[in-house]
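Student: Could you take me through one part of this structure slowly, and then set that part beside the rest of the chain? I would like to follow each step with the model in front of me.

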Amino acid sequence: MRLRRNIHSCNSLSKQQSTNKKTAMKTSLNTLAILLALPSTFAFAPPSNSISTTTTTTTSLSALQQDLTFTPPDTFNDGEISEQLCTEAAQKMKRVMVPVSKEVSDTGYVGISYIHWEGDAQLKRKENTLPLLLVHGFDSSALEYRRLGPQLAKLGVDVYCVDLLGWGYTQLDDVNSFSAKAKVEALKGFWETVGSNGEVVVGGASLGGAATIEFAAENLYKASEDGSSDSEGFVRGTVLIDAQGFVDGIGPMSFLPAPLARAGIKVLQSVPLRNSANQMSYHNPETYATEDALKVGRLHCLREGWEDGMLSFMQSGGFRPKEKVSQINVPSLVLWGRQDGILEGKEFAQKFIDTMPDAQLQWIEECGHVPHLEQPEVTASYILDFLRLEKVRPKKSSGTGGVLNAGIFDGLFSMLIK
């Protein structure tokens with residue numbers, strides 16, 4: 001009798017553990033679907049051949065800093081994506097080697113992909129605005145800005161859209177960590193290399209907003225107290241597009257054993273889940289949630305090493321921006337799709353206004369979670385108005401060659417040592 005009870009007890013325990021695993025897996029997959037429907041701004045920035053003025057950064061890069069192993073994605077042939085703006089954006093992609101700690105890469109460098117839309121020359125001189133650095137959202141790429149980037153450039157704004165480490169078309173091999181911390185560190189290395197830490201406005205969409213908040217909080221511009229030209233930091237403003245800023249971490253996914261997490265990640269790569277997230281993102285899915293849009297968001301997931309990079313990020317626990325929102329004391333623009341069905345604007349947009357010391361809100365009408373894709377012209381117009389504000393105008397030269405040249409020699413020594 002006692003043996004029977006023990007057997008029954010073991011069977012009950014086994015069933016309960018199985019149920020718990022299924023529940024955890026279901027919860028995690030739901031989390032993945034929500035995260036995937038939170039696209040952020042991407043940022044790829046090919047360097048120009050000119051020295052910066054007060055409104056542009058120094059982006060003349062030596063071949064030593066370019067990742068010569070990089071080939072931009074062929075979105076038209078390999079990706080079977082017909083949207084012309086996507087093809088043009090992909091053709092602009094470059095990848096540059098940026099400095100990071102040995103915790104991220106043993107070589108001290110990683111390859112970060114980016115797109116640079118250079119502002120119209122005449123309007124750039126007229127407008128005299130700071131450059132804009134844009135960050136994409138959860139598991140996305142700079143191609144997400146294929147519509148907004150050209151619109152801003154036509155208005156005279158220099159736009160740099162950069163991929164977060166592990167996502168988009170960044171280096172995936174020989175990298176030790178793709179954690180949230182590593183992503184922010186690589187973003188800092190990118191602007192040090194391409195922008196020479198010149199004054200900049202940084203923006204992010206959806207989960208890219210969380211990355212933007214963490215990056216900005218570490219690099220806020222601070223004028224000298226004695227009125228001299230000396231200052232600290234370089235982030236002069238932020239642009240938050242339907243941003244995630246008040247939710248820390250990624251939920252149950254960070255606690256799953258690696259085999260279960262990998263199973264969830266494979267689902268994240270699947271067409272059905274991508275399509276579901278695509279439909280959720282737009283106010284007008286019939287027009288915008290197309291097969292092309294699905295392919296654009298999924299193409300980078302097919303790269304070798306993507307799964308390991310995603311697992312590393314999941315196990316790191318994700319971004320933790322909640323306590324840092326109030327620290328963003330530079331001027332900030334909060335843009336929100338009026339019909340956002342993923343992050344409710346009345347709750348979250350207002351939270352930013354209530355929490356940040358110097359923020360303004362602009363609603364984007366007839367728009368869901370991705371104004372930069374669904375209403376790019378209106379979004380670009382609001383961003384330009386913000387950049388024109390006197391308090392966001394350039395205070396000094398936004399770039400010099402000093403940091404850039406140091407990066408060149410560091411890169412050379414790194415290659416020789418390796």
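Tutor: Let us begin with Asp173, bearing in mind throughout that this is a predicted model. Asp173 sits in the loop that runs between strand β4 (159–162) and helix α5 (180–194). Its relative accessible area is 49%, and because exposed means over 50% and buried means under 20%, Asp173 is classed as partly exposed. Asp173 also has company on the surface, where Asp106, Asp173, Asp174 and Glu304 gather in a patch of negative charge.

From this loop we can step back to the chain as a whole. The chain has 15 helices and ten strands, and of its 418 residues 55% count as buried. Its accessible surface comes to about 17,800 Å², and carbon and sulfur atoms hold 51% of that area. If we take the contacts in the chain with a separation of 6 or more, residues 24 or more positions apart account for 81% of them.

For a view of the interior, look at Leu133, which is found in strand β3. Leu133 has a relative accessible area of 0% and is therefore counted as buried. When its neighbours within four places in sequence are left aside, Leu133 is in contact with a list of residues that includes Tyr160, Val162, Leu187, Phe190, Trp191 and Phe215. Leu133 and Thr238 are 105 residues apart in sequence, yet their C-alpha atoms are 9.3 Å apart in space.

Pro357 gives us a residue on the outside to set beside Leu133. Pro357 belongs to the loop between helix α12 (345–355) and strand β10 (359–364), and with a relative accessible area of 56% it is exposed. Not counting residues up to four places away in sequence, Pro357 touches Ser326, Ile328 and Asn329. Between Pro357 and Ser332 there are 8.9 Å from C-alpha to C-alpha, although the two are 25 residues apart in sequence.

We can now turn to pairs of opposite charge, for the count of salt bridges in this model comes to 17. One of them joins Arg274 to Asp139, with the closest N and O atoms 2.3 Å apart. This pair links distant parts of the chain, since Arg274 is in helix α8 (residues 271–281) while Asp139 is in the loop between β3 (132–135) and α4 (148–154), 135 residues apart. Both partners lie under the 20% limit for buried residues, as Arg274 has a relative accessible area of 6% and Asp139 has 1%.

Another salt bridge is formed by Glu307 and Arg262, whose closest N and O atoms are 2.7 Å apart. Glu307 lies in helix α11 (residues 306–316) and Arg262 in helix α7 (residues 258–268), so this pair ties together parts that are 45 residues apart in sequence. Arg262, at 27% relative accessibility, counts as partly exposed.

The last pair to examine is Asp385 with Arg388, a salt bridge in which the closest N and O atoms are 3.5 Å apart. Asp385 is partly exposed at 38% relative accessible area, and Arg388 is likewise partly exposed at 36%. Returning to Arg262 and Glu307, salt bridges that share partners join Arg262, Lys266, Glu307 and Asp308 into one network.

Conventions:
Residues are numbered from 1 along each chain as its sequence is written. This is a predicted model: local features need pLDDT of at least 70, side-chain atom pairs count only at pLDDT 80 or more; totals for chains, interfaces and linings use all residues. Side-chain values use heavy atoms; hydrogens and water are left out. Patches are made of residues with over 30% relative accessible area and no salt bridge: like charges are joined within 9 Å, nonpolar side chains (Val, Leu, Ile, Met, Phe, Trp, Tyr) within 5 Å. Accessible areas come from the Shrake-Rupley method with a 1.4 Å probe; for residues, only the protein chains shown count as cover. A salt bridge is a side-chain nitrogen of Lys or Arg within 4 Å of a carboxyl oxygen of Asp or Glu. Lys and Arg count as positive and Asp and Glu as negative; His and the chain ends are not counted. The place of a charge is taken as NZ of Lys, CZ of Arg, CG of Asp or CD of Glu. Helices (H or I, at least four residues) and strands (E, at least two) are DSSP runs, numbered from the N terminus. Buried means under 20% relative accessible area, exposed over 50%, partly exposed in between (1.4 Å probe, protein chains only). Contact means heavy atoms within 4.5 Å.
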